[in-house]
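Reader: I would like to learn how to read a few local features from a model of this kind. Could we go through them one at a time, with the general idea before the case?

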Amino acid sequence: MKLKKQVTVCGGAVFCVAVFSLYLMLDRLVLFSIPCDVHPHFPPLGPFPPNRIEQLEQLLEENHQIISHIKDSVLELTDTGAVSPSGQLPFRSANGSWVLPFDGRPTFLSVKPQDCQFAQGRRGQTDLQMLDIYSLLKFDNVDGGVWKQGFEITYEPGAWDNDPLQVFVVPHSHNDPGWIKTFDKYYTDQTQHIFNNMLVKLTEDPRRKFIWSEISFFAKWWESADMHKQEAMRKLILGGQLEIVTGGWVMTDEANVHYFAMIDQLIEGHQWLEKNVGVTPQSGWAVDPFGHSATMAYLLNRANLTSMLIQRVHYSIKKHFASSHSLEFMWRQSWDQESGTDIFCHMMPFYSYDVPHTCGPDPKICCQFDFKRLPGGRVNCPWKVPPRAVVEANVAERAHLLLDQYRKKSKLFRSKVVLIPLGDDFRYDKALEWDQQYLNYQRLFDYMNSHSEMHVQAQFGTLTDYFTAVYKANGVPQGVRPPEYPVLSGDFFAYADREDHYWSGYYTSRPFYKSMDRVLESHLRGAEILFSLAVAHARHAGMEGRYPTSDYTLLTYARRTVALFQHHDAITGTAKENVVIDYGNRLLRSLQGLKRVIINAAHFLVMKNKDVYRFYQTEPFLETDDKRATQDSLPQRTLIELDQSGPRYLVLFNPVEQDRLCVVTVLVNSVRVRVLTEDGQTLPVQLSAQWSSASQMSASFMVRLPALGLAVFHLYDSADTPMTLRSETLLRLSGQGQTAHAVDPLPLRFQTSIHRKDDPQEVKVQIQFVTYGTRSSKDKSGAYLFLPDGKAKPYSQKEPPVVRVVEGPLFSEVVAMYEHFQQTIRIHNVPGVDGLSLDVTTMVDIRDQSNKELAMRLVTDIQNDDTFYTDLNGFQMQPRRHFLKLPLQANFYPMPSQAYIQDSHLRLTLHSAQALGVTSLESGQLEVILDRRLMQDDNRGLGQGLKDNKKTANRFRLLLERRSIGNKLKSLSYFPSLLSHMTSAILNHEVLALPVLPKKRGIPPLHTFAPLTGAMPCDFHVLNLRSIQHQQDTHSPSPYTALILHRKGLDCDLETPNPGFNCTTSEGQLGVSSLFRNLDLQLLQPVSLSLMYSSPPLANDSSISLEPMEISAFRLKLR
């Protein structure tokens, strides 16, 4: 595996990568060069500060002094008795590349051909494919009259003579769990009053109906209500007057959220409902997320909901669907060739979910029937015609005026059943409004229903009342496709509500918290898995009473915090600054709690002799891997203090369901470090200077970790061994004309070619940094909207960057320090997944900027034309096209976890550890917005700009793959490769390094915990192993655990190198009874995705079977 490396000097400004030359040390492909003609353009804020240069020089000198005190043992391979697991020592080959010993365990890759056929098969055929509709539409925004974004609607007066119009008026109140006010403030000021009034006012008349969505608020009210109120509310729900719609903890965002959290917040809401109310939601209600994802349709289907409603869709698409009577459709997943993923979906046709835009096409008339706006109130009608109370003298005129709107709206749909939502944000918080709306509407209904010549049946209804009537009118059972109704595939991004106002800014807004959310999600999943395993093993050993099962309270708090943050004004970055701080504090408290859960579980599981296990709440056995000082600060790694008295023990947790061969880095206080495995074998260690402290070093070593398991290592402060190797560091200080280190001056930019020795073809990839401004007109970019002032401009600063190059046997990296960001590109010299992609971290700090957005652009010679691919929620890939007929901002899409471009030879994937906005504006390009600082509101209700930016670490992996010979002429797949799935997993689920705290009485014997008996099929992902709530005791788990599995779809047409572990597929088969080592499986029961519906239990020794892309849940009893 020799590598030919060429590094040539190229003057210029944008940094790329010298260490790319290591990228394909393991038989990979050609990568990376950067152009010399980039002239960046942030308004320069002066030269790089001289004091910063002096600090760097001083730090460098201090680190050199430290290293000079150590024998130069890098190449002096004198034997000190240290032996690596393979019995070899590290050495440098003739071309300068490091050759490392590792355990040499044979690994193999065996993907069954049947598991590849799914991605190669034809796509499912649907009547409406959103990418085709985008190609078809003009997006011309013609004035439609009273329905400004639509058209004039007409009807024949006798159209309902034989089949009367059925009208369902559905009162609702949209309650944001945080936006302008915090969650708690909204509850105190408004939401609790909505519930209290609901109890009284719905009870007054059984004909009254209402729907409610957000369980986070409902649970808070329930906890403070007495038993009589709870029973009265339960009676309203079970009696059908109050319907719980969707039933998630929040009405989740659908752009930035990861499917793990989408599912978790749905489970949290549904589990709460099951325990407290005993109701199962049937219909989905999503009126406010800013665009809609196909993933949500899939998850609702798998949770056994039969119908759903969406609202925020591009006005041109709404108009097109209205004109073709396609506003109701079966939403099908793009890979589904039959109809197993179908769910009936209703798209609201008009501008908003408020009353002026829901009764019909004319908001001037509809506003007159929002009786909260009666004269004398605080809210009025902008169209200058106020509502009038309905009395006997005017009821006929009022009823006919309103019926005309109902009829016009119904003409956009295929059935003679019409849905009329009646509500808005935080409505019905005053008893007066309940009376105003319900009494006036009942008078109108009574008049309409008593006059048969009007041919209408009008009533209050719930959402499911409406859907049930639609199914009945079409003669089909609940959830079944009505005859002739269209089938749709695709999604509804990007959303525009008017003109060219595209809501594509929030894909990146407040990236610090988008990143923190994903860290918390990974910790939650890891904590759930370890807690469930620890409790099961404690039960197995008869030690349940000695294990801190009260940690379940910490899990519950974290689940609800993660769920709360999926709200469409939280993870989106579209709340007020004080609300963001409230979310941040909740995230931090949850993260700290989860680290405790992980530490406590790991403590129990690594104890070799469980009899000596003791848990002390005030005396933790392990330390956390890192700490955050405040909710808006970056994590600081925990220092492991070594001394001569003996070893420090380190427990490593691998949250991935496959064995993992990777480099782990810890912070130590010694320049003499020796790392041993549990059985006493010495591992190669690479020591690197810690630039923030002269007394600390980074120690990196290569480990193999068991799937979902814990491994124990020993760290010593001991004399040098041939296995302890130092990084070599070069530093270029800008403006000094010098390079610190006795080598040739370091160029400011690198152009690197990487060749596999049997493949002379070169692939060029450039990394550029560009900036967007905002318009000078009245409408400007804000938290929601992206309204750029034209094409991006190259980022610029007066001084060249400070560049640091670190080279060593386990990893090498290049760090370039600019005024507003610092980019680190690292390559690991490790066999398998960890060494097959570039680790890219961009530390961004634009707090001194005004109306600027910073983007990272990859420029390649891949011929993808105008097509690129972005993920939906980390679950599936969606093809996109760059449309020149659309404005620049309309071509940006959410990228929760990855985006790629490809041609018939190559695929370049940018994996992301946080949700950001992405596009491809030219063939061969991928561009991602890293952060945005905007000084004004964008007139969508927030009332603030984005000025609370934080120093943010954006983390990526860059993966280049070559299409296999013979597969180049096939149609290109929408699925990631096996390697790509694994790369995403290691990026999003980092190894946690947990030091054992020194104990005066000594450390009892510890051992590796490997929970699985064998390798999990490598197209299976353990989405969660979630302890299920106890029906009586909320502070402890029940004996049951939910196993949630996802079988991934694979593109097998890309070359798959050795992943570094045994990787096999099994045609979707998995034996659960033999999955967990040393545990007995006493129940295996298929359940719906949110655990509410149960199928008959399977025999305990049954194999379960999943189709590609399927997510399935099972209730287990393990002990």
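**Reading contacts, rings and empty space**

Author: Let us begin with a single residue: leaving aside its neighbours within four places in sequence, Arg208 is in contact with Lys201, Leu202, Gln241, Tyr438, Leu439 and Phe460. Please keep in mind throughout that this is a predicted model.

Reader: Where in the chain is Arg208 found, and is Arg208 buried or exposed?

Author: Arg208 belongs to the loop between helix H4 (183–204) and strand E7 (210–212). Because its relative accessible area is 5%, and buried means under 20%, Arg208 counts as buried.

Reader: Which aromatic cluster do Tyr438 and Phe460 belong to?

Author: They belong to one aromatic cluster formed by Phe210, Phe369, Phe371, Tyr428, Trp434, Tyr438, Tyr441, Phe445 and Phe460. In the structure as a whole there are 63 aromatic pairs, and one of them, between Tyr441 and Phe445, is tilted, with 5.9 Å from centre to centre and 50 degrees between the planes.

Reader: How should I read the spacing of that pair along the chain?

Author: The general idea is that an α-helix has 3.6 residues a turn, so residues three or four places apart point the same way. In this case, Tyr441 and Phe445 both lie in helix H12 (residues 431–450), four residues apart, about one turn of the helix, and both of them are buried.

Reader: Tyr428 is also in the cluster; what is its phi, and where is its place?

Author: Although Tyr428 is not a glycine, its phi is positive, about 65 degrees, and its place is in the loop between strand E13 (417–425) and H12. Tyr428 counts as buried because its relative accessibility is 0%.

Reader: Which other residue that is not a glycine has a positive phi?

Author: His455 does, with a phi of about 50 degrees, and His455 is found in the loop between H12 and strand E14 (456–460). With a relative accessible area of 21%, His455 is partly exposed. A positive phi also appears after helix H13, which is followed by Gly475 with a phi near 70 degrees.

Reader: Which residues of H13 itself are buried?

Author: In helix H13, which spans residues 463–473, the buried residues include Leu463, Thr464, Tyr466 and Phe467, and also Ala469, Val470 and Tyr471.

Reader: From phi we might turn to omega: which residues are joined by a cis peptide bond?

Author: Phe493 and Ala494 are joined by a cis peptide bond, for which omega is about -5 degrees. Ala494 lies in the loop between strand E15 (487–489) and H14.

Reader: How should I read a charged end that sits over a ring?

Author: One reads off which ring the charge faces and how far it is from the centre. The charged end of Arg826 sits over the ring of Phe811, 3.6 Å from its centre, while the charged end of Lys610 sits over the ring of Phe604, at 5.2 Å from the centre of that ring.

Reader: What do contacts tell me about residues far apart in sequence?

Author: Among contacts in the chain between residues at least 6 apart in sequence, 78% join residues at least 24 apart. As one case of distance in sequence and space, Glu853 and Leu930 are 77 residues apart in sequence but 7.5 Å apart in space, C-alpha to C-alpha. Glu853 has its place in strand E36 (residues 852–860), and its contacts beyond four places in sequence include Val770, Tyr772, Phe786, Ile929, Asp931 and Arg932.

Reader: Is Glu853 buried or exposed, and what share of the chain counts as buried?

Author: Glu853 is buried, with a relative accessible area of 2%. Of the 1119 residues of the chain, 65% count as buried, and the chain has 17 helices and 52 strands.

Reader: How is empty space inside the protein found?

Author: Rolling a probe the size of a water molecule over the atoms shows where empty space is left. Here, a search of the whole structure finds twelve cavities of 30 Å³ or more, and the largest cavity has a volume of about 340 Å³.

Reader: Which residues line the largest cavity, and how do they divide by type?

Author: The lining comprises 26 residues, of which His258, Tyr259, Gly874, Ser984 and Lys1048 lie nearest the centre of the largest cavity. Among the elements that give two or more residues to this lining are helix H7 (259–276), strand E38 (876–881) and helix H17 (978–988). By type, the lining residues of the largest cavity divide into nine nonpolar, twelve polar and five charged.

Key
Residues numbered from 1 in each chain as written. Predicted model: local features only at pLDDT ≥ 70, side-chain atom pairs only at ≥ 80, totals over all residues. Heavy atoms only, no water. 1 Å grid on protein atoms, 1.4 Å probe; cavity = no way out; pocket = protein on both sides within 12 Å on 5 of 7 lines; lining within 4 Å. Points joined across faces, edges and corners; volume = space filled by probe spheres on them. Nonpolar A, V, L, I, M, F, W, Y, C, P; charged D, E, K, R; others polar. Phe/Tyr/Trp six-rings, centres within 6.5 Å; stacked < 30°, edge-to-face > 60°. Buried < 20%, exposed > 50% of the residue type's maximum accessible area, 1.4 Å probe, protein only. Lys NZ or Arg CZ within 6 Å of the ring centre and 35° of its normal. Contact = heavy atoms within 4.5 Å.
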